[in-house]
Amino acid sequence: MKPTQPEFSRPLPADRVPREGSSEKITADPKELAALAGRLGIPVLHSLTADLKAEPWRGGGLKITGHFAADLDQVCVVSLDQFRDTIAGTVERVYLPDTAMVTSEDDEADHLVDGAADLGELVTETLVLTLDPYPRKPGASFEGAEMGAESAPASFAGLAGLKKPGSEPKR
């Protein structure tokens, strides 16, 4: 089974990165933005950009650091209104070749695929981890609901009056 191609793919071959490192700017195009919005489960992804630095790492690997920014629409969990939001974050990941000796320090390292690190997928994965799973439109609140309020006794108070024939429920 052939692996699927990521929606936003920017492979960077490790052997292309000079000793002093390289600066990489990536931007998703409109088709990629639409596909990513579907993957992320959001209504619209207006833009996704990243400024990254790639450095050689431990004999054939890469260390990628930098920042990303996304302009997107989300759905408020309180009002169900769609609202526009911006999200920015940092990126840091280490990639090692399959032949590298992995130490305990490298537990969180990814492997290069065909000798390359996919910068687009790295930024997408970082964005996914940065998204609020319960987005709230600024100013949205639960009207009439108090967190931790005991509402059960009041709800059943009217039923207490039903126990005695001919009595009116207490209000």
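## Exercises on a predicted fold

L80 lies in the loop between β4 and β5. Strands here (E, at least two residues), like helices (H or I, at least four), are DSSP runs numbered from the N terminus. This is a predicted model, so local features need pLDDT of at least 70 and side-chain atom pairs count only at pLDDT 80 or more, while totals for chains, interfaces and linings use all residues. Residues are numbered from 1 along each chain as its sequence is written, and side-chain values use heavy atoms, with hydrogens and water left out.

**Exercise 1.** Work out what sign phi takes in L80 and in R58.

*Solution.* Start with the general expectation: most residues other than glycine have a negative phi. Now turn to L80: its phi is near 65°, a positive value in a residue other than glycine. L80 is also exposed, with a relative accessible area of 65% (exposed is over 50%, buried under 20%, partly exposed in between; 1.4 Å probe, protein chains only). Then take R58, which sits in the loop between β3 and β4. Its phi is positive too, about 45°, although R58 is not a glycine. R58 is partly exposed, at 42% relative accessible area.

**Exercise 2.** Find which residues of helix α1 are buried, and what they pack against.

*Solution.* First, list them: in α1 (residues 30–40), the buried residues are E32, L33, L36, A37 and L40. Next, look down the helix axis: these residues fall within an arc of 140° (taken from the directions from the axis to the C-beta atoms), so they line one face of α1. On the face turned away from that side you will find the exposed residues K31, A34 and G38. The buried residues pack against β2 (22–27), β3 (44–57) and α2 (119–130); contact means heavy atoms within 4.5 Å. Finally, check the ends. D29 caps the N-terminal end, with a side-chain oxygen 3.1 Å from the backbone nitrogen of K31, and just after α1, G41 takes a positive phi of about 70°.

**Exercise 3.** Lay out the strand order of the sheet and place the helices on it.

*Solution.* Begin with the order: an open sheet of 5 strands runs β2-β3-β4-β5-β6, with mixed pairing. Its edge strands are β2 and β6 (110–111), each pairing on one side only; two strands pair if DSSP finds at least two bridges between them. Then go strand by strand. β2 and β3 run antiparallel and are joined by 6 bridges, with E24 opposite L52. Along β2, S22, E24 and I26 point to one face and are buried, while S23, K25 and T27 point to the other and are not. β3 and β4 (residues 61–75) are antiparallel as well, with 13 bridges, and A50 stands opposite F68. Now add the helices: α1 packs on the sheet, touching β2 and β3, and its direction makes about 95° with that of β3. α2 touches β2, β3, β4 and β5 (82–96), at about 125° to the direction of β5. Axes are lines fitted to C-alpha atoms, for helices over the stretch in contact, and angles run from 0 to 180 degrees between N-to-C directions.

How values were computed:
Polar contact = N/O pair within 3.5 Å; in protein donor to acceptor, adjacent residues only side chain to side chain.
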